Amino acid sequence: MYWYEDKASKHPVVLSTRVRFARNLKDTPFPSRLNAEGRKKICEKVQTAFSGYRFCDFEKLGDTERSAYGETHLCSIDFAKADPAGRGLLINEDNSVFIMINEEDHLRIQAIVSGFDPQKALEAANSADSLFLNGCTAAFDPKLGFLTACPTNLGCAMRVSCMVHLPALTMAKKLPSLVKATDQLGFTLRGAFGEGSSPLGSIYQISNKSSFDRSEEQIVEATKKLIEQITQSELQCRKTLYESAPVILEDRIYRSLGTLKYQRRISYSEFIEKWSDLRLGASLELQDLPSNDVLDRLLVELMQARLCLEDMRCTDPETRDALRADKLRRAL
């Protein structure tokens, strides 16, 4: 089950939690130093370690299919756009672990779960990591830890990322102080697709900046503490905004619902801003709004590449926006 299909683990603030390990093979150049033939050899070598995983060869996919993986956070956007020769994904049986082969490192092991559950994501990532360590020899130094292409990933080479929805803190213009506070604690707050991306729909990604000199457990505990604080701040801010101007906020939310229910064409950027209002309203327990599990599924299913895969006419923006509006009307 993909993270956005899980109906049981919804959280009012955290959309998903990801644990990622960076791993490399011993005495082997990093992917940036390899040509297509060298990358293909890495693919062949690491596949043998992952019994039960299916291999998705990016060289056999079209641009739209690769983009769909990037949109849904199953691989990075840069990975989806890179030369596909000698690159691909290893995917486990329940679609919770996705391993990028030959991104920045030989392997990027990613476990993604719905809502806020870093421990569950860590356990899934550790299971995949054990397969790699049992089947291959990792690049490792007793002092530096796992050797990686980027120095900030040294040590346990783990990053915990949470995709969070912060509409109230955004409306209250409290994001600048939150960015500063997270930075001081060793975390970064960015747009949903990482460095350089825009925070559409008040969706942000929070992750630890470095893994050196900290254990996996320490990083998880620090992440839990930070996310719990941010969740409390966001929920309190939602309550304050609603109590101070309930009619204004309700009007905004129900206008967004009307737009999504009756629009005949809608772009993804307009959809996600209206989506943000509806998810805020759902957390405030307003009536006649779709549930979080419906909204989170639509967040992914209405993305550009996903629509193009469903209907090849969607390469035309007007056709794509019309199909998106049609799917919204049927869903809502």
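Colleague: Why does Asp277 count as buried?
Modeller: Asp277 has a relative accessibility of 7%, and buried means under 20% relative accessible area (exposed is over 50%, partly exposed in between, with a 1.4 Å probe and protein chains only). So 7% puts Asp277 in the buried class. This is a predicted model, so local features need pLDDT of at least 70 and side-chain atom pairs count only at pLDDT 80 or more, while totals for chains, interfaces and linings use all residues. Residues are numbered from 1 along each chain as its sequence is written, and side-chain values use heavy atoms, with hydrogens and water left out.

Colleague: What is Asp277 in contact with, leaving aside neighbours within four places in sequence?
Modeller: Arg252, Ile253 and Ser256; contact here means heavy atoms within 4.5 Å. Asp277 itself lies in helix 9. Helices are DSSP runs of H or I with at least four residues, strands are runs of E with at least two, and both are numbered from the N terminus.

Colleague: What makes helix 8 oblique to helix 9?
Modeller: Helix 8 (residues 246-262) and helix 9 (residues 268-283) pack at about 130°, with axes 9 Å apart. Axes are lines fitted to C-alpha atoms, for helices over the stretch in contact, and angles run from 0 to 180 degrees between N-to-C directions. Under 35 degrees is roughly parallel, over 145 roughly antiparallel, 65 to 115 roughly perpendicular, and the rest oblique. About 130° falls in that remainder, so helix 8 is oblique to helix 9. Among the residues making the contact are Leu249, Arg252 and Ile253 of helix 8, and Phe271, Trp275 and Asp277 of helix 9.

Colleague: Which hand does the crossing of helix 8 and helix 9 have, left or right?
Modeller: Left-handed. That label applies if the near helix is turned anticlockwise from the far one by less than a right angle; clockwise would be right-handed.

Colleague: Over to the sheet. Why do strand 2 and strand 9 stand at the edges?
Modeller: The open sheet has 8 strands in the order 2-3-4-5-1-8-10-9, with antiparallel pairing. Strand 2 (54-57) and strand 9 (187-191) each have a single partner strand, so one side of each is left without a neighbour in the sheet.

Colleague: How do you know that strand 9 pairs with strand 10?
Modeller: Two strands pair if DSSP finds at least two bridges between them. Strand 9 and strand 10 (residues 203-208) are joined by 5 bridges, so they qualify. Leu189 stands opposite Ile206 in strand 10. Strand 2 and strand 3 also pair, over 4 bridges in the antiparallel sense.

Colleague: What makes you say that both faces of strand 3 are covered?
Modeller: Gly88 and Leu90 on one side, and Leu89 and Ile91 on the other, are all buried. Strand 3 is also joined to strand 4 by 4 bridges, running antiparallel, and Ile91 stands opposite Phe98.

Colleague: And the loop between strand 3 and strand 4: why is Ser96 called buried?
Modeller: Its relative accessible area is 13%, under the 20% limit, so Ser96 is buried. Leaving aside neighbours within four places in sequence, Ser96 is in contact with Gln110, Ala111 and Ile112.

Colleague: What makes the Ser96 and Asp94 side chains a polar contact?
Modeller: They come to 2.6 Å. A polar contact is a pair of N or O atoms within 3.5 Å; within protein, one must be able to donate a hydrogen and the other to accept it, and residues adjacent in sequence count only if both atoms are side-chain atoms. So 2.6 Å is inside the limit.
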